[in-house]
Amino acid sequence: MKVNSAADFGLMIRKRRKELGYTQGYIAEYTGLSASFISNLENGKETAEIGKAIYLCNLLGMDITVCNRGE
């Protein structure tokens with residue numbers, strides 16, 4: 001899926017978390033991230049910290065690729 005907004009990114013995180021059968025609470029406990037951070041990220045809050053978001057993606061087995069449009 002192409003990500004064009006914080007909301008798109010959050011939907012992808014939520015989808016992957018649910019595919020793995022994890023709750024927000026479980027991930028919060030395992031990572032030390034707050035459940036409210038995970039919720040905000042999944043709901044597309046634009047002020048989410050990018051470092052934590054990348055960490056969570058890696059934890060969920062997701063890759064993030066950034067490339068020039070059209071490539």
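**Fold, helix packing and buried residues of the protein chain**

The protein chain exposes about 5000 Å², of which carbon and sulfur atoms supply 50%. The model is a predicted one. Buried residues account for 27% of the 71 residues in the chain. The side chains include 9 that are positive and 8 that are negative, and the centres of these two sets lie 4 Å apart.

The secondary structure of the protein chain consists of four helices and zero strands. Read from the N terminus, the order of elements is α-α-α-α. The chain has a radius of gyration of 12 Å, close to the 11 Å that the globule rule gives for 71 residues, and therefore it is as compact as a globular protein of that length. The C-alpha trace spans about 40 × 25 × 15 Å along its principal axes. Of the contacts between residues at least 6 apart in sequence, 54% join residues at least 24 apart.

Helix α3 covers residues 35-42, and within this helix Phe37, Ile38, Leu41 and Glu42 are buried. These residues line one face of α3, because their directions, seen down the helix axis, fall within an arc of 130°. The buried residues of α3 pack against α1 (6-19), α2 (24-31) and α4. Gly44 follows α3 and has a positive phi, near 80°.

In helix α4, the buried residues are Ala53, Leu56 and Cys57. Seen down the axis of α4, these residues fall within an arc of 100°, so they too line one face of their helix. The cover over the buried residues of α4 includes α1, α2 and α3. After α4 comes Gly61, with a positive phi near 75°.

Two buried residues with charged side chains were examined individually. Arg17 is located in helix α1. Arg17 counts as buried because its relative accessibility is 7%, which is under the 20% cut-off. With neighbours within four places in sequence left aside, Arg17 is in contact with Tyr22, Thr23, Gln24, Ile27, Glu42 and Leu60. Glu42 belongs to helix α3. The relative accessible area of Glu42 is 2%, so Glu42 is buried as well. Residues up to four places away in sequence not being counted, Glu42 touches Gly10, Leu11, Ile13, Arg14, Arg17 and Gln24. The contact between Arg17 and Glu42 thus joins a residue of α1 to a residue of α3, and appears in the contacts of Arg17 and in those of Glu42.

Leu60 is found in the segment after α4, a helix that covers residues 50-59. Leu60 has a relative accessibility of 2% and therefore counts as buried. Beyond residues up to four places away in sequence, the contacts of Leu60 are Ile13, Arg16, Arg17, Leu20, Tyr22 and Ile27. One of these contacts, Tyr22, is 38 residues from Leu60 in sequence, while the C-alpha atoms of the two residues are 9.6 Å apart in space. Another, Arg17, in turn has Leu60 among its own contacts. Ile13 is touched by Leu60 and also by Glu42.

Definitions and conventions:
Residues are numbered from 1 along each chain as its sequence is written. This is a predicted model: local features need pLDDT of at least 70, side-chain atom pairs count only at pLDDT 80 or more; totals for chains, interfaces and linings use all residues. Side-chain values use heavy atoms; hydrogens and water are left out. Helices (H or I, at least four residues) and strands (E, at least two) are DSSP runs, numbered from the N terminus. Buried means under 20% relative accessible area, exposed over 50%, partly exposed in between (1.4 Å probe, protein chains only). Contact means heavy atoms within 4.5 Å. The arc is that of the directions from the helix axis to the C-beta atoms. The radius of gyration is taken over C-alpha atoms; the globule rule is 2.2 Å times the number of residues to the power 0.38. Accessible areas come from the Shrake-Rupley method with a 1.4 Å probe; for residues, only the protein chains shown count as cover. Lys and Arg count as positive and Asp and Glu as negative; His and the chain ends are not counted. The place of a charge is taken as NZ of Lys, CZ of Arg, CG of Asp or CD of Glu.
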